[in-house]
Every structure is written in structure tokens, then in C-alpha cells.
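Student: I would like to take a close look at one part of this model and then see how that part fits into its surroundings. Could you go through it slowly, in one connected answer?

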Number of protein chains: 2
Amino acid sequence: MYIEELAESIRNFEGVTRKKPISDIVSIFETVRPEYRDAIVDFGDDAAVIDIGTDDVILFAADAIWGKIVNKSPWWTGYTSVVVNVNDISAMGGRPLAMVNVMSSSDHDSTEEVMRGIRDGIKKFGVPMVGGHMHPDTPYNSLAVSIIGIAKKDCVIRSDTAKPGDIVIAAYDMDGRVGKNSPYSWDTTSFKEPSIVRDRFMVMQEIGEKKLATAGKDISNPGTIGTLGMLCEVSRVGASVDLRNIPRPDNVDFEQWLKIYPATGYVLTAKEENAAECIEVFEKCGIVAAVIGKIEETRKLDIYDDDGRATVFDFSKDKITGIEI
Amino acid sequence: MYIEELAESIRNFEGVTRKKPISDIVSIFETVRPEYRDAIVDFGDDAAVIDIGTDDVILFAADAIWGKIVNKSPWWTGYTSVVVNVNDISAMGGRPLAMVNVMSSSDHDSTEEVMRGIRDGIKKFGVPMVGGHMHPDTPYNSLAVSIIGIAKKDCVIRSDTAKPGDIVIAAYDMDGRVGKNSPYSWDTTSFKEPSIVRDRFMVMQEIGEKKLATAGKDISNPGTIGTLGMLCEVSRVGASVDLRNIPRPDNVDFEQWLKIYPATGYVLTAKEENAAECIEVFEKCGIVAAVIGKIEETRKLDIYDDDGRATVFDFSKDKITGIEI
């Protein structure tokens with residue numbers, strides 16, 4: 001039965017399974033939790049939320065690019081490092097302020113290409129790279145980028161706050177194309193004007209400030225269902241998703257689409273009465289959004305369509321990251 | 001003549017020469033400078049300074065550990081990543097808030113050891129690790145850590161603000177020992193009580209708030225003279241250093257000491273009338289400090305002692321990072 005196979009394929013997708021080692025790692029920090037005075041949210045969300053004693057909070061995240069891509073396209077590595085970091089802040093309803101990077105490089109040419117990619121990302125998103133560290137002599141190329149942003153304390157969109165009965169919304173910039181470096185990347189920005197890109201990336205800030213979402217997350221390497229799974233896991237809920245309602249581009253295989261990192265793509269949960277306004281905010285700036293499901297009390301994430309129903313994650317036994325916020 | 005050899009040896013020290021590629025890299029960002037609206041200081045200082053529209057500023061830095069050390073001692077890699085990052089914030093007179101990391105690892109055991117090192121660093125310094133990204137399947141081990149801190153806007157200690165006529169102070173925690181992993185590391189923290197370590201690391205905050213320094217920087221891989229060189233380079237000044245006045249431990253070769261990363265060590269510049277009070281603040285918390293020289297209008301960094309005088313850097317032709325703040 002196709003839907004069972006699809007559920008299994010998503011569950012075993014590398015973008016999902018690569019998240020598994022995180023909980024082992026995070027558990028090592030358990031004994032030092034008393035030192036976490038200023039952290040409102042730490043591991044398990046797109047960005048950490050740091051209290052600075054004012055009405056604003058600082059958002060803080062780090063991200064890096066899969067090694068496969070670093071060697072294939074240094075320019076794209078630099079450019080997309082900006083995209084994923086800006087996403088970590090914007091997904092939480094924040095405004096990005098600045099980035100820093102650590103570059104390790106075996107050769108000068110790759111470094112220059114990576115930096116040109118970063119420069120073009122800065123030009124596109126308007127978020128500066130303000131410092132970092134350089135290893136000029138490593139036997140490999142790698143790039144780690146970290147970002148800070150700012151948000152009003154009571155407008156932050158977290159991952160761990162979805163409640164049973166909330167509806168699930170998926171939102172994508174459909175004006176994109178499958179990336180050259182991976183069948184699971186979707187480029188929505190490199191060919192567009194900065195003003196359009198910035199409007200679309202900042203949409204979550206409006207949703208946060210209007211308090212239209214109960215939770216949300218940017219769709220990243222685990223894809224649409226995998227990312228919703230991470231949201232459910234930390235919210236300690238389940239979900240049922242009607243696959244027929246997921247917006248999709250005409251020219252991309254549906255299973256591939258579900259696994260894609262859509263660059264400008266979010267899963268959100270909202271109270272039913274706010275769904276229409278939430279979708280309106282997305283559509284006003286050119287993002288396609290739709291109600292795709294519901295948050296459930298059972299700790300299972302199910303997908304269904306005309307042919308049947310299957311469980312992708314059963315959090316009574318499955319873990320994606322295993323993190324408890 | 002020994003002093004000439006010493007000057008050459010410092011100029012060609014790997015800790016100094018590894019800084020050279022930075023200006024090439026930074027120059028790539030020149031065309032996107034108009035996007036740097038919120039950045040008061042970007043590249044070229046220990047941390048970037050970000051305006052958030054209040055009396056406080058956010059400090060933001062990234063650092064990483066030499067690959068040689070990562071493979072030799074994963075625990076030390078994790079631990080010292082906290083030390084160097086906390087230093088980037090404390091050297092600017094800030095209070096560290098939180099860190100994030102990107103870990104790339106080829107094996108689970110190394111990752112766990114690195115994370116245990118980070119945990120012990122958190123326990124020592126009281127600064128939490130709040131998030132990050134994990135590559136569980138790279139052919140190498142590497143760790144990049146980024147940190148944020150907070151400081152009063154008018155109390156930040158920058159590198160680029162030294163003026164001719166200022167005196168130069170060097171300050172070290174002399175209660176330390178040469179690290180196991182490199183002849184150029186000096187461990188001042190792993191064997192001490194957290195309360196003592198935290199007092200000594202926070203000394204620069206008091207100096208910043210009392211406005212006792214005109215500029216300052218934590219002594220890092222380039223060593224005492226190399227770090228003073230970086231400060232002079234971005235301040236567009238020179239300096240003359242009386243080697244006889246540099247505090248030194250009994251049991252370490254002097255040339256080695258000058259190249260050591262002293263963990264808790266700073267070079268500062270100050271107005272002559274504030275020198276005594278500045279040294280007093282250091283000594284109150286157990287750090288040894290002394291006036292070691294003077295900032296000069298000529299763009300040369302000279303060292304001298306009883307035997308003679310030699311130029312280590314002539315910034316009319318030499319570059320360390322080449323960055324202009």
C-alpha cells in the first residue's frame with residue numbers, strides 16, 4: 001500500500017535520521033542546567049531565546065552546510081549558509097541582526113568562492129557577517145555560521161507550544177526550482193530581487209506580532225513531515241495530516257517534495273479561528289499556505305489521503321531528536 | 001644580536017602568520033557595507049558590537065580550535081572552546097550570555113568527549129551552550145563555537161582606540177601551567193574553583209565600567225607581542241615595549257612565554273594617570289599586571305631591553321590581519 005511505503009520512506013529519510021544523535025549530546029549538558037539562567041529556550045528550537053532584561057529577547061542559532069555540498073559548490077555553500085541562518089531567526093518571528101562564521105579551508109580558491117557566496121547572501125537578505133574565525137590550513141573545507149536576531153518577548157514563535165485541537169498550516173514560496181546540488185533543496189531566492197526575498201522571509205515576524213500562530217518552525221532538512229514531526233515531538237503532541245491539502249509545485253515528484261528543504265517554507269499551528277487570517281498574511285506577500293491537518297492528543301503523526309492512513313512517527317516509541325524542551 | 005632574532009621569531013611565529021588570510025577574506029565584503037546598519041564594530045576586534053537600540057549592546061564572536069588539538073584531546077577541545085569564547089566577550093568588557101556550537105564528527109566517542117569538555121567549561125564559567133548543529137558523519141572532527149554577550153554601550157573596550165602617549169599594560173593570571181597539548185598554551189582555569197575563575201575573567205568588565213582603559217584585547221594565539229601588534233594595527237599606531245617589564249613565570253622560557261596563549265591574559269592601553277588604578281583592579285582579583293610600554297605615533301612596534309632594540313612589525317609595510325576597522 002503506497003501510503004505505508006511513503007510513511008516508512010519519510011521515517012528513514014537521511015534528513016530525518018541524521019537528527020538522532022542530538023539527544024545523546026544534549027543529555028550531557030543536563031548536570032549544568034542551573035547555569036542556564038538567561039535562556040528561555042535552549043536546544044530543540046530553531047533558535048535559542050535569551051532574556052536580556054528588556055521587552056526584547058535575543059535569538060541565537062548556529063547552522064552548517066552538509067559536507068557534500070561544500071565540496072560540490074563553494075559559492076552555494078556560502079550563499080545557502082546565509083539562507084538557513086536567516087531562516088532560523090525569521091521562523092521564530094525575529095528580525096536577524098548579524099552573523100559570524102568559522103571557515104576551515106584547504107585552499108584559497110574555495111575560501112574565496114564561499115566568501116563570495118556569503119557576500120551575495122548579505123546583499124540579498126540585508127544581514128551582515130560581522131566576524132569570525134579562519135582556519136587557513138585544514139585538510140577539508142567546512143563552514144559553520146551563527147546568527148543573532150531580536151524579537152519582542154511575547155511574540156516569539158516557538159516549536160514546543162502546539163496544543164491538541166490546533167490546526168496545522170504549511171506555507172511555501174512556490175516560485176522556486178530544485179537546487180543544482182541536491183534533489184532535496186529548493187531555491188526560492190538566488191534569482192529574485194532582494195526586496196521580494198526580504199518581504200517573504202519577514203512574514204513570520206508579522207504572524208508573531210499579530211499572535212496568529214500557537215507554534216511554528218521552518219521546514220529544514222527533514223522536509224515537511226519530518227519538520228512537523230520535530231515540532232510535535234517537542235510539543236508532546238501528535239498530528240494528522242491530509243496529504244491532499246499540501247501545496248505542491250506541478251513539476252516535482254510529491255515524495256521528493258515532502259523531503260525537500262524549501263528555503264522559504266514553514267509549518268505552523270494555529271487556533272482554528274486564526275487560520276484564515278494567518279493564510280491571508282502569507283498570501284499577501286506571495287507565499288502559498290494551506291491548512292493541512294490537525295494537532296492530536298495521541299502522540300502519533302499520521303498521514304492520510306484517499307487511499308488510506310499510515311503512521312510516520314509514534315512518539316511513544318520513536319525519536320527524531322529525542323530532545324525535551 | 002639576540003633581540004633581533006627574537007623580533008624575527010615573533011614576526012614569523014605561526015600564531016601570528018596564520019592571521020594573514022583574514023584581510024583578503026574581509027575585503028570581499030566591502031561592497032555590501034551599506035547592509036551593516038546595526039554593527040558598531042565588525043571584523044577586526046575580539047567580538048563584533050551590535051546596536052539593539054538600548055543603552056546596552058550585544059557582543060558577538062566565533063572561535064574554533066586548531067585541528068591538531070581536536071584530534072589530540074577531544075575533552076580539551078570542548079573545554080578550551082568555552083575558554084576562548086568567554087575571553088572574546090570578557091576582553092571587550094562584556095558579560096557572556098550564551099554559546100552555540102557546530103560539531104562535525106567522524107565518531108561518537110570523540111563527540112561525547114568534546115561535549116564533556118564543553119559541559120565542564122559551562123560548569124567553570126557559568127555560560128550555557130544553548131543550541132547548535134551536529135554533523136554526525138564527517139571524515140574529520142571539528143568544533144566551532146559562537147558566543148554572545150552584553151555590555152553597556154559606552155563601556156565597551158575596543159582594539160582600535162589606542163592613542164599615541166597611552167601606556168601599555170600587560171596582565172596575566174600567573175597561577176597556571178603550560179598545557180599538555182601545546183607548548184604555547186597556558187592553562188589557568190581547569191584546576192581552579194569556578195568562583196576564582198569567574199572573578200578573574202570578569203575583571204575587564206570592571207575596567208570597562210570604570211573607563212580605565214583606552215583600548216584592550218585578550219592575548220590569543222599570536223601571543224603577547226603579536227596581540228599588541230594586532231591592537232596597534234587596527235588603532236593605526238605603533239608601540240615600544242620594554243621586555244624587562246613583562247611579568248613572566250619563573251619556570252617558562254621567555255621567548256616561549258611571549259608566544260603563549262595565556263588563557264587569562266590581556267594587553268591594554270590606558271592614559272598614564274589611570275595606570276595605577278587599572279593595575280590595582282587586576283591585582284585585587286589575583287591577576288599580575290604591569291606597565292610594559294607606550295603607544296607611539298610611528299607605526300612601528302619595537303621591543304627593547306638592556307641589550308638593544310628591534311622592530312617586530314613595521315605597519316607601513318607589514319600586515320598581521322590587514323584589517324582596517
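Which residue's side chain does A:Asp46 meet in a salt bridge?

Tutor: Please keep in mind throughout that this is a predicted model. The side chain of A:Asp46 meets that of A:Lys217 in a salt bridge, with 3.4 Å from N to O.

To see where this pair sits, it helps to turn to the domains. The domain assignment divides chain A into domain 1, made of 3–18 + 157–314, and domain 2, which covers 38–152. A:Asp46 and A:Lys217 are joined by a salt bridge, and the count of salt bridges between domain 1 and domain 2 of chain A is 2. Taken over C-alpha atoms, the centres of these two domains of chain A are separated by 22 Å. Where they meet, 29 residues of domain 1 of chain A are in contact with 30 residues of domain 2 of chain A.

The size of an interface is often given as the accessible area lost when the parts come together. For domain 1 and domain 2 of chain A, the area buried between them is about 2,400 Å², and 52% of it is on carbon and sulfur atoms. On the side of domain 1 of chain A, the residues that lose the most area to domain 2 of chain A are A:Asn181, A:Arg198 and A:Phe201, which together make up 23% of what that side buries.

A salt bridge can also be found within one helix. A:Arg116 and A:Glu112 meet through their side chains in a salt bridge of 2.7 Å, N to O, and both residues lie in helix 6 of chain A (residues 108–125), 4 residues apart, or about one turn of the helix. Over all chains, the structure holds 42 salt bridges.

The next step is from the domains to the two chains. Here 63 residues of chain B are in contact with 64 residues of chain A, and the two chains bury about 5,400 Å² between them, 70% of it on carbon and sulfur atoms. Across this interface of chain B and chain A there are 4 salt bridges. A:Glu35 and B:Arg198 also meet through their side chains in a salt bridge, with 3.1 Å from N to O.

Finally, there are the enclosed spaces, for a search of the whole structure finds 3 cavities of 30 Å³ or more. The largest cavity has a volume of about 150 Å³, and among its 25 lining residues A:Ser104, A:Tyr140, A:Ser142, B:Ser104 and B:Ser142 lie nearest its centre. In both chain A and chain B, helix 4 (67–72), strand 4 (95–104) and strand 6 (142–152) are the elements that give two or more residues to this lining. The lining of the largest cavity divides into 14 nonpolar residues, 11 polar residues and no charged ones.

The second largest cavity, with a volume of about 80 Å³, brings us back to the theme of two domains, this time in chain B. Domain 1 and domain 2 of chain B both give residues to its lining, so this cavity lies between them. Its lining residues include B:Trp76, B:Tyr79, B:Trp186 and B:Asp187. Helix 5 of chain B gives the most to this lining, with 5 residues, while strand 9 (186–187) of chain B also supplies at least two. The residues that line the second largest cavity divide into 7 nonpolar, 4 polar and 1 charged.

Methods
Residues are numbered from 1 along each chain as its sequence is written. Chains are lettered from A and ligands numbered from 1 in the order in which they are written. Side-chain values use heavy atoms; hydrogens and water are left out. On a 1 Å grid over the protein atoms alone, a cavity is a set of points where a 1.4 Å probe fits but cannot get out, and a pocket is an open set with protein on both sides within 12 Å along at least five of seven lines; lining residues have an atom within 4 Å of a point. Grid points are joined across faces, edges and corners, and a volume is the space filled by probe spheres set on the points. Ala, Val, Leu, Ile, Met, Phe, Trp, Tyr, Cys and Pro count as nonpolar, Asp, Glu, Lys and Arg as charged, and the others, Gly among them, as polar. Domain bounds come from an automatic or database domain assignment. Contact means heavy atoms within 4.5 Å. Buried area is the accessible area (1.4 Å probe) that two parts lose on being put together, summed over both.
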